[in-house]
Amino acid sequence: MAASVPRIDGLESLGNPLEDAKRAAAYRAVDENLKFDEHKIVGIGSGSTVVYVAERIGQYLQDSEYSDLVSKFVCIPTGFQSRNLILDNKLQLGSIEQYPRIDIAFDGADEVDEHLQLIKGGGACLFQEKLVSTSAKTFIIVADSRKKSPKHLGKNWRQGVPIEIVPSAYVRVKNDLLEQLHADKVDIRQGGSAKAGPVVTDNSNFIIDADFGEIKDPRKLHTDIKLLVGVVETGLFIDNASKAYFGNSDGTVELVTK
Ligand SMILES: O=C[C@H](O)[C@H](O)[C@H](O)COP(=O)(O)O
């Protein structure tokens, strides 16, 4: 362990059990999977848990033993927030256009099933996340334990499958989800008090949240949704993650592998 990198078992609480859980998962995932002399292109996801991934990599950057290696990393963002995570931790920023082949990517998830299939997109970043995660040789999930479904997707995450769509197609996609795919409920994600009208993604699209209840065959559902005219991408990440780290508020972490 690098001298200046804080030991996980010695971390002071952040005063918030959920944040402690997220940090524990993220720190352990970085420590156990980032190969400093092998990896160079690193995908950084979006959301509140992956914040601690960027923070942990930044700690290695500040350590004299690892600084030279980590300063050579190129970090690929998955949206505006992710881009700023990379910059805030003084890591080198790259683009997916420059580095289409990624060594390892870390990201959060909204729900993870027993086969490591995922629902992502709770923060409306699913498109660039899937572009990065599927461009990576290794994709690691970091989450607090609430995200682990006992079995199927849709069990705990009840906000629906996030779907990125072309704005002009929102009525058509909504109708097709209800009439062809028999979604129970379909909503255009609204900005609420933060923004009058729909949420607009980093790619200038809309997000639809479609509730299908418990999802027994996420691969088929993903395929069926993708075939609809106007759909850009779904928040169903199929056969993509190889490991998932679930953090608990006491600092323990459960690792689930494919
Ligand atoms: O669109 C957002 C992403 O899919 C996030 O990775 C996901 O929503 C999990 O976010 P958090 O780590 O904040 O729970």
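**Exercise 1. Polar contacts of the ligand**

Task: In this predicted model, find which side-chain and backbone atoms lie opposite oxygen atoms of the ligand, at what distance, and how much of the ligand is buried.

Solution:
1. Start with Asp107: an N or O atom in its side chain is 3.2 Å from a ligand oxygen.
2. Go on to Ala124, where a backbone N or O atom lies 3.2 Å from an oxygen atom of the ligand.
3. For Glu129, the distance from a polar side-chain atom to a ligand oxygen is 2.8 Å.
4. Apply the cut-off for a polar contact, a pair of N or O atoms within 3.5 Å. The pairs at Asp107, Ala124 and Glu129 each meet that limit.
5. Turn to the surface: the ligand taken alone exposes 370 Å², and the protein buries 92% of that.

**Exercise 2. The shell around the ligand**

Task: State how many residues surround the ligand, how they divide by type, and which pocket the ligand takes up.

Solution:
1. The ligand is surrounded by 16 residues. The closest are Ser46, Ser48, Thr49, Asp110 and Lys147.
2. Sorted by type, the shell has 8 polar, 5 charged and 3 nonpolar residues.
3. The ligand occupies the space of the largest pocket.

**Exercise 3. The cysteines**

Task: Count the disulfides, and explain why Cys75 is not bonded to Cys125.

Solution:
1. A disulfide is a covalent bond between the sulfur atoms of two cysteines.
2. The count for this structure is 0 disulfides.
3. Take Cys75: its closest cysteine sulfur is that of Cys125, 17 Å away, so the two are too far apart for a bond. The cut-off is 2.5 Å between the sulfur atoms.
4. Taken from the other side, Cys125 is in no disulfide, and its nearest cysteine sulfur belongs to Cys75.
5. Check burial, which requires a relative accessible area under 20%. Cys75 has 0% and is buried; Cys125, at 14%, also counts as buried.

Notes. Residues numbered from 1 in each chain as written. Predicted model: local features only at pLDDT ≥ 70, side-chain atom pairs only at ≥ 80, totals over all residues. Heavy atoms only, no water. Near = heavy atom within 4 Å. Polar contact = N/O pair within 3.5 Å; in protein donor to acceptor, adjacent residues only side chain to side chain. Areas by Shrake-Rupley, 256 points an atom, 1.4 Å probe, with all protein chains shown as cover. 1 Å grid on protein atoms, 1.4 Å probe; cavity = no way out; pocket = protein on both sides within 12 Å on 5 of 7 lines; lining within 4 Å. Sits in = over half its atoms within 2 Å of the grid points. Nonpolar A, V, L, I, M, F, W, Y, C, P; charged D, E, K, R; others polar. Buried < 20%, exposed > 50% of the residue type's maximum accessible area, 1.4 Å probe, protein only.
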